[in-house]
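Please take a moment to look over the model shown below before reading on. The paragraphs that follow lead through a few of its elements, one after another.

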Amino acid sequence: MQLIELRDIYKTYHVDELPVPVLRGVSLAVAEGELVALMGASGSGKSTLMNILGCLDRPTSGEYWLDGHEASRMSTDERAFLRNHKIGFVFQNFNLLPRTTALENVVMPLSYTTEKISDSQARQRAVESLTLMGLADRLDYEPAKLSGGQQQRVAIARALISKPSILLADEPTGNLDSKTSEEVLQLFGRLNTEEGITIILVTHDPGIAKHAKRIIHISDGIIDGQGAADNSSPGTAESRRNVYRPRRFDSGGAQ
Amino acid sequence: MKISRTFRTALRALRRNPMRATLTTLGIVIGVAAVIAMMEIGSGSSAMVQNSIAGMGANSILVLPGAAASGGINFGAGSVMTLTPGDCDAIIRDCPAVRSVAPVVRTRGQVVYGSRNWIPSSMYGTTPAFLDVRDWTTMAEGEVFTDQDVRNSNKVCVIGQTLSRELFEGQSPVGKEVRVMNVSLKVVGVLSPKGANMMGMDQDDIILAPWTTIKYRISGQSTANTSQSSSTSSSSSSINTLSQLYPTSQLNLYPVPSATQAADTPQPVRFANVDQIMVAARATADIPVAIKQMTAVLRERHRIHNGETEDFNIRDMTEMLKTLTATTGLMTNLLLCVALISLVVGGVGIMNIMLVSVTERTREIGLRMAVGARARDILRQFIIEAIILCLMGGAFGILLGHGGSYLVKFFLHWPVKTSPAAIISAVLVSAGVGMIFGYYPAWKASRLDPIEALRYE
């Protein structure tokens, strides 16, 4: 069994009583240890797919198997449990708690865990996680005092603290300059190869997507094509086609 | 999620915005402070009112003679003289709850000194214990007459401030002789001022003399004539035909009742009877016990069998005490209501700020949900934040209220009494306010959709 398996996922939003189909039968599988890029223009449905993958949202129909659990029919609390234990999130805008030290930010997810873990153990794990990100000397820094790249690394440390099977990164470099973007992406690559963490990168940027071992293109709510990333040239003809493809419908709630 | 962690999370969230937290709690601080100050000042005044009533003789119990009935006609309370100085002795001897006891013989008449005269509102014949019963032991000048004076019915008296002013105009009355209904009494002492009583009657307008003097020398010209011994006894003369049996002027305290006498009245009329007996209980709480003991003693002494009506009435001032305490209690409750309203207002303030806080922290809530917080974790976190705010407000309020009432005590000299009940209830109420008014914002936070919340700007 694959780590992630989507079977014929449909998601339809209702805007003013009008059904707006966002995902129209998406099926895909991600094996453990993969580094996958999910690519698509805005409005293509990649954010919705990402929310479903992250157990934040439920598909209208279809099955979502995550590590042997059927997540699409789970209750809210069960999905919260899955998010806590199996999934780590990295966001475009970092989403760190303001006026809270890096260490506290990283420890935060552990306060919702069902694991029996003492406070000192939790802190120990947070320190390890931050050290892995190269932030051992920034434990007591508040986000405002950290650079963008450092903030994103704190966010990644936070995502890794509960030892998830999957790391979901939604435009993780969107707010970073190209140099720090490169660093963060290399970090992802290292986490993937050295720690064996499955990573799903959601992006619209083919330059980012090329760091992945496999690229899944999505447009208009269906999988448009997938294939191994061509690491030699930034942005294949296919990916470029997907990026600049005009939108079929307005973003209305689907993004 | 462990409750201690929730607590720390909530504290950390509050610490991120200390100014807002402080301002939010201000409403609760003021509310609780008001409650505490009101309760302390209220219970202080209540205690003072009780004390001053005790000073007016709230601990005192009045024993009045009972009603006489003849031929089916009841003459009302005090119509038969049944109380004697012997009853006084028995009460003080046999009732442990009684502090002191004094017989009282009342009359009314003109007091003359030189060219001045005055009719005091109270002219009492009693024993020195009277002043102890009335909590009036300090003398402005001179001394009280003694038990010896009472035994010998010496012609001495003690006068109140008003009488002293009216008759002596600033001179010292001690050693002077005043005439009371043509009997010369030597003034041995002047009472300290006591002022008006609750009904506005001047308590200093008084003359006290040994009861034997009043009874045998002043009120009744003929000492054995009990029918004229006091104004209240006039009605008893109609059934007391014994005055004709003893027309002599000899002092005979306990005459042997004749057969006619025994047949005419169920109780032998004692010639040494008194108009009333004033009793002071050891404490306000002892009043019911004292009444019980006195009833038993008097029933036995007056040979009243089970089922027979008593020939005396015992009255206490508890009712007065209760009324006044109730009044103070009413005031305290009224102020408490006002204070509670301010607590509710404070609670609304908390709710307001919590709602703002929830909106402002939408992204944080979304993030917490994304990393695995369940709706109930969020609910709990925000409720605990509200409770912490309210409890901190409560703690500061208690300090402030306590300090405030202390200042009132210090500067205004109002009586203040620390009330643990007020403190406990203030803590409970503030926690309750936090829970009630924090619930809605917390519920709103817990119902957020994590996807929407994460995208919130």
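**A walk through two chains**

In strand β8 of chain A, A:L201 is the bridge partner of A:A37. This is a predicted model, and that pairing is a good place to enter it. A:A37 lies within strand β3 of chain A (residues 35-39), which runs parallel to β8(A) and is joined to it by 5 bridges. Strand β7 of chain A (residues 166-170) also runs parallel to β8(A), and here too 5 bridges make the connection. Within this second pairing, A:L168 is found opposite A:I200 of β8(A). Between β7(A) and β8(A) the chain passes through helix α6 of chain A (residues 178-195), forming a β-α-β crossover that is right-handed.

How many of the residues of strand β8 of chain A are buried? The strand spans residues 198-203, and because 6 of its 6 residues are buried, β8(A) is largely enclosed by the rest of the structure. The burial applies to both faces of the strand, with A:T198, A:I200 and A:V202 on one side, and A:I199, A:L201 and A:T203 on the other.

Chain B offers another strand to follow, namely β11(B), which covers residues 183-191. Since 7 of its 9 residues are buried, this strand is likewise described as largely enclosed by the rest of the structure. Strand β8 of chain B (residues 139-142) runs antiparallel to β11(B) and is joined to it by 3 bridges, with B:E141 having B:V190 as its bridge partner. Strand β9 of chain B (residues 156-159), by contrast, pairs with β11(B) in the parallel sense over 4 bridges, and in this pairing the partner of B:V158 is B:G189. Strand β10 of chain B (residues 177-180) is antiparallel to β11(B), again with 4 bridges, and B:V178 stands opposite B:L185. The strands β10(B) and β11(B) form a hairpin with 2 residues between them, where B:M181 adopts a positive phi near 45°.

A helix of chain B comes next. In α3(B), which covers residues 85-94, the buried residues are B:P85, B:G86, B:D87, B:C88, B:A90 and B:I91. These buried residues pack against β4 (98-107), α7 (211-219), β13 (276-281) and α9 (287-301), which belong to chain B.

Finally, the cysteines deserve a look. Over all chains, the structure holds 0 disulfides. A:C55 has a relative accessibility of 1% and therefore counts as buried, while B:C95, with a relative accessible area of 2%, is buried as well.

Conventions. Residues are numbered from 1 along each chain as its sequence is written. Chains are lettered from A and ligands numbered from 1 in the order in which they are written. This is a predicted model: local features need pLDDT of at least 70, side-chain atom pairs count only at pLDDT 80 or more; totals for chains, interfaces and linings use all residues. Side-chain values use heavy atoms; hydrogens and water are left out. Buried means under 20% relative accessible area, exposed over 50%, partly exposed in between (1.4 Å probe, protein chains only). Contact means heavy atoms within 4.5 Å. Two strands pair if DSSP finds at least two bridges between them. A crossover is right-handed if, with the strands pointing away from the viewer, the path from the first strand over the helix to the second runs clockwise. A disulfide is a pair of cysteine sulfur atoms within 2.5 Å.
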